[in-house]
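Reader: I would like a walk through this model, one question at a time. Please keep the answers short and let each one end on the result.

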Amino acid sequence: MHATLAPPSASTEASTEPAASGEYLVFQLGTEAYGVNILGVQEIHSYEQPTRIAGCSSHVLGVIDLRGVSAPVLDLRVCLGLKAPFDASTVTVVITPDNHQTVGMVVDSVSDVIALREDQLRPMPDLNEDDPSHYVQGLACIQQEGAERTLLLLDIPQLMTRVNSGITETR
């Protein structure tokens with residue numbers, strides 16, 4: 001599986017901005033559905049073992065070559081303190097948050113791209129600063145298969161900042 005998406009927008013939003021209406025890529029991490037703004041997503045690959053780099057944190061799986069660009073691959077499940085089994089539906093979502101370094105994020109599976117309206121968005125309640133939910137920018141209430149479901153919208157620039165500073169949990 002390999003899908004190429006439109007390049008990210010030239011505009012950037014501060015990581016403290018609430019989730020905005022627009023299109024979001026929806027993916028699974030454990031039993032929960034998460035979303036990221038599609039504007040930062042470059043492509044989606046079936047999971048392939050990256051080249052390991054000795055001494056990296058457990059959430060850094062290694063690097064991959066993307067048409068001449070070396071990109072680190074992070075296991076987003078490990079970053080958020082979730083179990084990280086690999087199976088046929090495990091994929092790597094390639095993103096360029098805020099038009100910075102390209103990064104691969106390993107997720108359990110990708111389901112679709114959905115358009116979210118303002119009336120579907122909710123702010124994230126204030127929780128403990130070190131809780132992994134701190135990386136959730138907002139919530140979206142969506143109808144899926146006849147039931148209401150909550151989608152957790154990740155603040156990827158905030159998550160990347162925390163991952164790079166070593167604050168996230170690594171198991």
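**Salt bridges, sheet and core**

Author: Start with one charged pair. Arg 117 forms a salt bridge with Asp 119, and their closest N and O atoms are 3.0 Å apart. The model is a predicted one.

Reader: Is Arg 117 buried, partly exposed or exposed?

Author: The partly exposed class lies between 20% and 50% relative accessible area. Arg 117 has 48% relative accessibility, so the class is partly exposed.

Reader: How many salt bridges does the model have in total?

Author: Side chains of opposite charge can pair when their charged atoms come close. The rule asks for a side-chain nitrogen of Lys or Arg within 4 Å of a carboxyl oxygen of Asp or Glu. By this rule, the count is four.

Reader: What is the N to O distance between Arg 67 and Glu 43, and where do the two residues sit?

Author: Arg 67 is in the loop between strand 5 (60-66) and strand 6 (69-75), while Glu 43 is in strand 4. The pair is 24 residues apart and links distant parts of the chain. Their side chains meet in a salt bridge, N to O, at 2.2 Å.

Reader: Which partner in that pair is buried, Arg 67 or Glu 43?

Author: Buried means under 20% relative accessible area, and exposed means over 50%. Arg 67 has 63%, so Arg 67 is exposed. At 1%, the buried partner is Glu 43.

Reader: Which residues are linked in a network of salt bridges?

Author: Take one pair to begin with. Asp 75 forms a salt bridge with Arg 77, with closest N and O atoms 2.8 Å apart. Both of these residues are buried. The network links Asp 75, Arg 77 and Asp 108.

Reader: How do strand 5 and strand 6 pair, and which residue in the turn has a positive phi?

Author: The two strands pair in the antiparallel sense, over six bridges. One of the partnerships is Val 60 with Leu 74 in strand 6. Strand 5 is mostly covered, with five of its seven residues buried. The strands form a hairpin with two residues between them, and the turn residue with a positive phi, about 50 degrees, is Arg 67.

Reader: Which strands stand at the edges of the six-stranded open sheet?

Author: The sheet order is 9-2-3-12-11-10, with mixed pairing. An edge strand here has a single partner, so one side of it is left without a neighbour in the sheet. The edges are strand 9 (109-116) and strand 10 (121-123).

Reader: What is the average twist of that sheet from one strand to the next?

Author: Look at one pair inside the sheet. Strand 2 (residues 22-29) and strand 3 (residues 32-37) run antiparallel and are joined by six bridges. Val 26 has Gly 35 in strand 3 as its bridge partner. From one strand to the next, the twist averages 35 degrees.

Reader: How many residues are in the largest nonpolar core?

Author: Phe 27, Leu 76, Val 93, Leu 154 and Ile 156 have the most contacts inside this core. Phe 27 touches residues including Tyr 34, Leu 76, Val 107 and Leu 154. Apart from this core lies another, of 11 residues, among them Val 26 and Leu 116. The largest core has 27 residues.

Reader: Is Val 41 buried or exposed?

Author: Val 41 is in strand 4 (residues 41-46). Its C-alpha atom is 9.3 Å from that of Tyr 24, 17 residues apart along the chain. Val 41 has 0% relative accessibility, so it counts as buried.

Conventions:
Residues are numbered from 1 along each chain as its sequence is written. This is a predicted model: local features need pLDDT of at least 70, side-chain atom pairs count only at pLDDT 80 or more; totals for chains, interfaces and linings use all residues. Side-chain values use heavy atoms; hydrogens and water are left out. A nonpolar core is a set of buried Ala, Val, Leu, Ile, Met, Phe, Trp, Tyr and Cys residues joined through side-chain atoms within 4.5 Å. Buried means under 20% relative accessible area, exposed over 50%, partly exposed in between (1.4 Å probe, protein chains only). Contact means heavy atoms within 4.5 Å. Helices (H or I, at least four residues) and strands (E, at least two) are DSSP runs, numbered from the N terminus. Two strands pair if DSSP finds at least two bridges between them. Axes are lines fitted to C-alpha atoms, for helices over the stretch in contact, and angles run from 0 to 180 degrees between N-to-C directions. Lists of a residue's contacts leave out its neighbours within four places in sequence.
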